[in-house]
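Okay, thanks for coming, everyone. Let me put the structure up on the screen and we'll walk through it together.

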Amino acid sequence: MSASTEAAAPSAPNPPPHRTDAPAGPPKPSLASRIGAIAGGGAVRVVLTVLAVLWLLPTAGLLASSFRDPRDIASSGWWEALTDPGQWTGANYSALLSNDAFTSSLWTTIAITVPSTVLVIVLGALAAYAFAWLDFPGRDWLFVLVVALLVVPVQVALIPVARLFNTLGIFETTVGVVIFHSAFGLPFAIFLLRNFFAEIPRELLEAARLDGAGELRLFTRVVLPLGGPAIAALGIFQFMWVWNDMLVALIFADSSSPPMTVALQQEMRQFGSNIEVLAPGAFLSMLIPLGIFFAFQRQFVTGVMAGSVK
Amino acid sequence: MASAKAVAVIRARPWAVACFLLPALLLLGALIVYPIGYTIQRSLFDASGSSFVGLENFQDLFTNEATRKALSNTLIWIVVAPAVATGLGLIFAVLTERIRWATAFKLVVFMPMAISMLAAGIIFRLVYEQDPDRGLANAALVTVHDTFSGGAAWPDARPRPDTGLTAQEDGAYLVDATARAGEPVLLPLVGVKPADASGEAEAAPAAADPGAVTGTVWLDFAPGGGGTQDVIDPGEKALSGLKVEAVREDGSVAASATTGDDGTFSLPAEDADGTQLRLAAGNFTAAYNGVEWLGPTLVTPAIIASYVWMWAGFAMVLIAAGLAAVPRETLEAARVDGANEWQVFRRITVPLLAPLLAVVLVTLMINVLKVFDLVYVIAPSSSQADANVLALELYRSSFGGGANQGLGSAIAVLLLVLCVPMMIMNVRRLRQEKKR
């Protein structure tokens, strides 16, 4: 990214797309090209509106289905409910929320997601600080290794880690799932935070060191507060990642009290007959990620852009 | 490493370094580095893990029918999904540059990134429901189909026996007599419920035209009784919208026409004279019910579409960021020189974005390799074998009852190898950044 002109450019009003006559001096678009621009702009608007609707429809279908009586779901499409408000009912939700299996799966999801996110932030920030500001032999090589690990697919670790966890007695436990997610979140965490920490002005750290602050004080008082934005982006990214995971939970979670994704997946077997459970369940499982997404769009986009290497 | 930076870094005491670094390194070592080594070794042993089999698992992987299906599907995924998602992302990014509610649009398209593949899977199971009364995709297809083809015009219509119309295997009816220009034919049908035909006009005999083969298709049933068979009696209804084809002796269609409101049709004599007339099968087949999205043939494209729904927003956001960095002056200069929007896009925007597009494409390719949830959730068990991909086959072989961790490990190694180019690319990028 170079220069502020670029940042300003997108907000500048769009010039007319093309001119047939280009006289010197302040250009005056011909009437024809102005009409063309308006029509073209109109077409673009129509196309984008259609696309936006197309993109929303599948989710709208889930939402509408979740508010319909099972008999209505079985007999007609969700769009019929749009013109018939009498079909709307919250019964599916109240049934689901009073279902202990579902609420306990929600707790399991939280019990997995929160510790994995905290652990990745803490361990990742510690290591990132070392990579950014401490000197030790082999530092560059170790960091190259971490970057290389960014793209390792989780599939590679499933079989050996299942064995390892079995030996340790944490196979099919929440602890195991947390450890697995933390480990696979670390390369990205270290990569993202190190790059951010490295941008902290050296003078700040040196001044603190001259004042006699130890490494731990430097880390907690200077680096962590300054690293806030990157930590937020990382936290959101990791939270969503773990919350939405199904594969790791399918293998490593306690199958008697699985997280939401696995619990819902188990309901898929009778897909046609229990949409009244699946639709509200899926929508409830989406609520938290969607809420975070809309509340922290900027951090989420930052995380996604930085994570595009992952 | 630039020397300027080295000065900034303070050589810390070893125990301090250890405190900061060890927890992370231990986890990485135990859960990623060691497993890589173990998986590679495990892939050389048999299902039970007791005897060394060399590369047999890999041989299996490439010859076994089930895994080959997974392999070829993964290949389709890698080629199609990233390209479509990136292409759409590029189009969206360029189009949104010119509207005021660009942010809202981007939010809508980007939103699916936030939800789990499981939720997306459930969403698309609903979309792909077979019954057009319930599944959105088939409902849309049926609506479009019926708008353009009118559906099957008269699914119940059929001729009386021995009226010169012979039923064909595909449901069409062939007229036995040869069609002659100037000799109007009568094609009486029955079987339509009078209520269904109540909206039709009265049938009329076709005019004799020496330049055309003409005729009438009508419902040979006089309401209230009476009437003569094979004759257009007053009050008998026309069957409009029926497709009449002129068929040559070799079976090819020389001309076709649709019956009008009064049941008449007309085919040009130069094509139709001397042919046999046929009432096309499409007139009589049962109502169109859409396609079987999750059946063996369409299941993979259908799941890829749901993936594109999720990830096009990712491509769009990255490309839009790149687009914002394209110098306005360059685009303006081209426009002043008389380039139209398409030329600006094709000759300037795309080439300038090419490196970014490549990064997005490769990132998505790596991502696609790991797609497991979508396939596992969307494909019903009846067509899961047809939708199989490597990541799913790994799960099935090692955890889902397959009990062959040797094969599973071989698949894992293959996935890892496919990721190595991306690994090298990342490390290279890191090196270049350090040099700067």
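I'll go through the domains, the annotated spans, the packing and then the sheet.

One thing up front: this is a predicted model. Keep that in mind for everything I say.

So, domains. The domain assignment splits chain A into domain 1, residues 31-89, and domain 2, residues 95-309. Their C-alpha centres are 35 Å apart. How many residues of domain 1 of chain A are in contact with domain 2 of chain A? Seven, and they meet seven residues on the domain 2 side. Chain B also comes out as two domains, and here domain 1 is made of two pieces, 76-131 and 291-415, while domain 2 covers 165-283. For that chain, the C-alpha centres of domain 1 and domain 2 lie 50 Å apart.

Next, the annotated spans. For chain A, an unreviewed UniProt entry lists "transmembrane region" at residues 35-57, 106-134, 141-162, 174-197, 218-243 and 277-296. Let's look at a couple of those in the model. Residues 106-134 of chain A are 97% helix and 3% strand, with 41 Å between the end C-alpha atoms. Residues 218-243 of chain A come out at 96% helix and 0% strand, and there the end C-alpha atoms are 32 Å apart.

For chain B, UniProt, again in an unreviewed entry, puts "transmembrane region" at 12-36, 75-95, 107-128, 308-327, 348-369 and 407-427. Take 407-427 of chain B: that span is 100% helix and 0% strand, and its end C-alpha atoms sit 30 Å apart. Residues 107-128 of chain B, on the other hand, are 68% helix and 0% strand, with an end-to-end C-alpha distance of 24 Å.

Now to helix 15 of chain A, residues 275-295, and two residues in it. Ser285(A) is in that helix. Is Ser285(A) buried or exposed? Its relative accessibility is 5%, and the cut-off for buried is under 20%, so Ser285(A) counts as buried. Beyond its sequence neighbours up to four places away, Ser285(A) touches Trp243(A), Met260(A) and Leu264(A), plus Ala119(B) from the other chain.

The second one is Ala279(A), also in helix 15 of chain A. With 0% relative accessibility, Ala279(A) counts as buried too. Which residues does Ala279(A) touch, again leaving out those up to four places away in sequence? Leu62(A), Ser65(A) and Ser66(A). And just to give you a sense of scale, Ala279(A) and Phe165(A) are 114 residues apart in sequence and 34 Å apart in space, C-alpha to C-alpha.

On to the nonpolar packing. The largest nonpolar core has 202 residues, and the members that touch the most others are Phe180(A), Phe197(A), Phe252(A), Trp77(B) and Tyr307(B). The element giving the most to this core is helix 9 of chain B, residues 299-324, with 18 residues. Apart from that core there's another one, of 26 residues, including Leu219(B), Ala254(B), Ala257(B) and Leu279(B).

Let me zoom in on Phe180(A). Setting aside neighbours within four places in sequence, Phe180(A) is in contact with a list of residues that includes Val154(A), Leu158(A), Phe165(A), Val248(A) and Phe252(A), and also Leu31(B).

Last stop, the sheet in chain B. Five strands make an open, antiparallel sheet in the order 2-3-9-6-7. Which strands stand at the edges? Strand 2 (165-167) and strand 7 (253-258) of chain B, and each has a single partner strand, so one side of each has no neighbour in the sheet. On average, neighbouring strands of this sheet are turned by 25° against each other, ignoring direction.

Starting from the strand 2 edge, three bridges join strand 2 of chain B to strand 3, residues 173-178, running antiparallel. In that pair, Thr166(B) stands opposite Leu174(B).

Then there's strand 6 of chain B, residues 243-247. Four of its five residues are buried, so strand 6 is largely enclosed by the rest of the structure. Five bridges link strand 6 of chain B to strand 7, antiparallel, and four link strand 6 to strand 9, residues 276-279, also antiparallel. Val244(B) stands opposite Ala257(B) in strand 7 and opposite Leu279(B) in strand 9. Strands 6 and 7 of chain B form a hairpin with five residues between them, and Gly251(B) in the turn has a positive phi of about 95°.

That's my tour, so over to you.

Note on methods:
Residues numbered from 1 in each chain as written. Chains lettered and ligands numbered in written order. Predicted model: local features only at pLDDT ≥ 70, side-chain atom pairs only at ≥ 80, totals over all residues. Heavy atoms only, no water. UniProt positions renumbered as here; feature names shortened; annotations may be inferred. Buried < 20%, exposed > 50% of the residue type's maximum accessible area, 1.4 Å probe, protein only. Contact = heavy atoms within 4.5 Å. Domains from an automatic or database assignment. Core = buried A, V, L, I, M, F, W, Y, C linked by side-chain atoms within 4.5 Å. Pairing = 2+ DSSP bridges. Axes fitted to C-alpha atoms, helices over the stretch in contact; angles between N-to-C directions.
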